[in-house]
Amino acid sequence: MNRKGLYFLIALALGGVGAAHAQDSTSGATTPSYDDRWYIAPTVGGYYNDTDRNTNSRQVYYGLGFGRFINSYTSLDVFFDRTKRTIDGGNSQRWSNNNVGVAARFYYGDWNAWRPYALVGVMGSYHSNPADKAWSPAAELGGGVSKTITDSTDFRVEAGYRYDWDDKSQPSKNGYGDWFLGFSIVSRFGEPAAAPAPAPVAPVAPDCSKQFRNGVNLCDNKCPDLPEGTIVGPDGCPQKVVIDLRGVNFKFDRPKKGETDIKKALAEPTADSVAILDQAVDTLQRYPQVKVTVAGYTDSVGKDAYNQDLSERRAAIVYKYLTAHGITADRLVGPIGHGKNDPIGDNGTDAGRAQNRRTELQVQQ
């Protein structure tokens, strides 16, 4: 049995996991978010058999995986699959395989985009044919592409090469290599982990023991004529309120024209963005004197006129969310769109473009 080949593939699997962890740890703030819920992945596909098997060259296989993402770039599955092959000249006799194993997938790109990935797997293969029944080790290498369809569902298609060190089914043969193509629907279950609420915006207590204005120590006179509820800064006078919507980003080309459900338009995990919006509502309710401009932005993909319209739709859907949650329209300016102007991220990268698909609440002076 060619054990060196098996050890080599296992080493590749372990090395791939290390590379994914390194990618995740060095990416910093640009690391895309991910959903770490458990999922099941029913699979159906086809094999193109090794001619040494002396079976029909093509047949269907089916299986089921169970796994989860361990970081933004890596998922691990425990899986089972099964196939049957008709033996050449065997009077319709069948040669079946049941496989049980573990597969790691290493993804690239933004969570919401089409994500290519590499596949490495190791397994045990149980063979059953008229001549013998036995287990043997097997391993696979391949690649695929995955796309998020809904908050709880992904589609993936993959292809690769699976090698089986079976030396029992045919005494004169030692190992078989088959090509495969498979399609899976990944369905996550349970509720996503609740994101921590952003820290509330609070006024900064003045430190004015050594500060003077017009000869008066600010600790003795902190702008006493200011209206009740005014937020003061370190000099004891009005301070600009910053309502941070960093993290409230939109999916590519969303919202569509006529789309009214903001949760469908926001980038995932949606719960994070909704929590930030709700915190902004709370801040505006606690400081009723504050007025804001609702401004929308896009990344640089697409024509200027289209991006201008898209940025206005983003500002409008946030504007409607604020008014629907009790913020009166007389406290809001806009909605205003700025198109691809004033980027806060690098439009040359997926992560930077995702940051630029945003809205801002700009406090009026």
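Student: How much area does the protein expose, and what share do carbon and sulfur atoms supply?

Tutor: In this predicted model, the protein exposes about 18400 Å², and 58% of that area is supplied by carbon and sulfur atoms.

Student: And what percentage of the residues count as buried?

Tutor: The protein has 365 residues, of which 44% count as buried.

Student: OK, what about helices and strands, how many of each are there?

Tutor: There are 5 helices and 13 strands in the protein. If you then look at contacts with a separation of 6 or more, 64% of them are accounted for by residues 24 or more positions apart.

Student: Let's pick two helices. At what angle do α3 and α4 cross?

Tutor: Helix α3 covers residues 270–286 and helix α4 covers residues 304–324, and their axes, which come within 10 Å, cross at roughly 55 degrees. The two helices are therefore oblique to each other.

Student: Is that crossing left-handed or right-handed?

Tutor: The crossing in which α3 passes α4 is right-handed. On the α3 side the contact is made by V274, L277, D278 and V281, while α4 brings V318, Y321 and L322.

Student: How many of those are nonpolar, polar or charged?

Tutor: Sorted by class, the contact of α3 with α4 has 6 nonpolar residues and 1 charged residue, with no polar residues.

Student: Switching topic: which peptide bond is cis, the one I should look at around P255?

Tutor: Look at the bond from R254 to P255, which is cis, with omega near 5 degrees. As background, most peptide bonds are trans. To find P255 in the structure, go to the loop between β10, at 216–217, and α2, at 262–265.

Student: What is phi for D253?

Tutor: Phi of D253 is near 60 degrees, which is a positive value in a residue other than glycine. Most residues other than glycine have a negative phi. D253 also lies in the loop between β10 and α2.

Student: Does D253 count as buried or exposed, and why?

Tutor: D253 counts as buried because its relative accessibility is 16%, and the cut-off for buried is under 20%.

Student: And D342, where is that one, and what is its phi?

Tutor: You will find D342 in the loop between β12, at 332–337, and α5, at 350–356. Phi of D342 is near 55 degrees, again a positive value in a residue other than glycine.

Conventions: Residues are numbered from 1 along each chain as its sequence is written. This is a predicted model: local features need pLDDT of at least 70, side-chain atom pairs count only at pLDDT 80 or more; totals for chains, interfaces and linings use all residues. Side-chain values use heavy atoms; hydrogens and water are left out. Axes are lines fitted to C-alpha atoms, for helices over the stretch in contact, and angles run from 0 to 180 degrees between N-to-C directions. Helices (H or I, at least four residues) and strands (E, at least two) are DSSP runs, numbered from the N terminus. Angles under 35 degrees count as roughly parallel, over 145 as roughly antiparallel, 65 to 115 as roughly perpendicular and the rest as oblique. A crossing is left-handed if the near helix is turned anticlockwise from the far one by less than a right angle, and right-handed if clockwise. Contact means heavy atoms within 4.5 Å. Ala, Val, Leu, Ile, Met, Phe, Trp, Tyr, Cys and Pro count as nonpolar, Asp, Glu, Lys and Arg as charged, and the others, Gly among them, as polar. Buried means under 20% relative accessible area, exposed over 50%, partly exposed in between (1.4 Å probe, protein chains only). Accessible areas come from the Shrake-Rupley method with a 1.4 Å probe; for residues, only the protein chains shown count as cover.
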